[in-house]
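Please look through the sequence and the structure shown below before you try the exercises. Work each task on your own, and then compare your reasoning with the worked solution.

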Amino acid sequence: MSTYVNTPGTQAPYTAETWPIAAAMLAFGGQDSKGGPIQDADPQEWGRQLRLVRRLGCTEVDPTDTWVRVADLSPGRLDDFSAVLADSGLTIPAISTSRRSVMDPEHGEEYLDYSHRLLDAAKTLGVPMVSFGFFQPFTPAQAKALWFWLEDGWKDDFSDEARALAASRIRELAEHAQGNGQQITLEMYEDTYVGTCDDAVSFLQEVDHPACGLNPDIGNFIRLHRPMEPVTEMFEKVLPYANYWHVKNYSRDEDPATGTVATFPLPMEFGLINYRSVVGRALELGFTGAFLCEHYGSDSLGVIARNQRYIRDVLATLLD
């Protein structure tokens, strides 16, 4: 088996101060200050938003393709993007895709081509990791909901034929990434091929490529109003395969009498997941990847900055 797996006991390659902890650019949406698409904006518009992230104390960002699709920038614009990053004092440890599944029934092949372009754009920018997922655009009900996870979204086709095609396409991307000196990771998300911890490990083993690991975004699961496995058991299954980690947290309350579940986004230190514990376990298992701080609602940028400081404090105690 050549499936990606961490090596327990691996010495941490960073200190608490140097560990890459990226801020998600999701909070900015897709518009510039004039209401136009940020994708087509002047570089100074990119810089205006990036400098705000830097002023909040972050030193890394994940542009995420809901903000700027670096794969669709011309070579000259990609150079501009790189220059703005440097001028803002920021680096990119990884780039995440969002809702561009290579198994989209209408655009799957188009998104596969896009994913290959993204790997090459990331290489040009010196980015060693790209995160892919199978989650797809919001349904109309999700788009109207206060929190999109309150409504059911896309569900992957779990037929043997579709699953085999999905594994083949991800393996193709992993092979490309390996040739570029990169890795890829699969973001865990409900009702997809990596929609439970057991399914994620099984699918990764089917992909069977050393350049493909898991993004153990368990926050995507605990926010759902569904029954769930104990948090520690979920992490124990997937942390050995983690090579990039989207981190966020939620409160979760369950009424055993009615089965009612209520969830709400919170800063990392206040939610259901005990990140001090699970980060420690990840380090024991050899995790050496970057973190990405996400948050929905409220002052998401402020919470992301708080979460970044929290992770550095946790790492300082664990790496001492």
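The exercises that follow treat sheets, a helix, a core and a few backbone angles in turn.

This is a predicted model, in which local features need pLDDT of at least 70 and side-chain atom pairs count only at pLDDT 80 or more, while totals for chains, interfaces and linings use all residues. Residues are numbered from 1 along each chain as its sequence is written, and side-chain values use heavy atoms, with hydrogens and water left out.

**Exercise 1.** Work out the order of the strands in the sheet that contains β1, and find which strands stand at its edges.

Solution. Begin with the terms: strands (E, at least two residues) and helices (H or I, at least four) are DSSP runs numbered from the N terminus, and two strands pair if DSSP finds at least two bridges between them. By this rule β1, residues 21-24, pairs with β2 in parallel through 3 bridges, and within this pair Ala-23 has Val-61 as its bridge partner. Following the pairing across the sheet gives the order β2-β1-β10-β7, an open sheet of 4 strands with parallel pairing. The edges are held by β2 (60-62) and β7 (244-247), and because each has a single partner strand, one side of each is left without a neighbour in the sheet.

**Exercise 2.** Describe the sheet that contains β4, and name the helices that lie on β4 and β5.

Solution. Here 4 strands form an open sheet in the order β3-β4-β5-β6, again with parallel pairing. Its edge strands are β3 (95-96) and β6, each of which pairs on one side only. Between β3 and β4 (residues 129-132) there are 2 bridges, and Ser-96 is placed opposite Ser-131. Helix α3 (residues 108-125) packs on this sheet, touching β3, β4 and β5, and its direction makes about 155° with that of β4; such angles run from 0 to 180 degrees between N-to-C directions, with axes fitted to C-alpha atoms, for helices over the stretch in contact. Helix α5 lies across β4, β5 and β6, and runs at about 150° to β5.

**Exercise 3.** Decide which residues of helix α6 are buried, and why they lie on the same side of α6.

Solution. A residue is buried under 20% relative accessible area, exposed over 50%, and partly exposed in between (1.4 Å probe, protein chains only). In α6, residues 197-207, the buried ones are Cys-197, Ala-200, Val-201, Phe-203, Leu-204 and Val-207. They lie on the same side of α6 because they cover an arc of only 165° around the axis, the arc being that of the directions from the helix axis to the C-beta atoms. These buried residues pack against α5 (160-179), β5 (183-187), β6 (212-215), α7 (219-222) and α8 (231-238).

**Exercise 4.** Which residues does Ile-170 contact, leaving aside neighbours within four places in sequence?

Solution. Contact means heavy atoms within 4.5 Å. With those neighbours set aside, the partners of Ile-170 are Val-102, Phe-134, Ile-184, Leu-186, Phe-203, Val-207 and Cys-212.

**Exercise 5.** Compare Asp-191 with Asp-208, and ask of each where it lies.

Solution. Asp-191 has a positive phi near 65° although it is a residue other than glycine, and Asp-191 lies in the loop between β5 and α6. With a relative accessible area of 18%, Asp-191 is buried. Asp-208 also has a positive phi, near 55°, and is found in the loop between α6 and β6. At 29% relative accessibility, Asp-208 counts as partly exposed.
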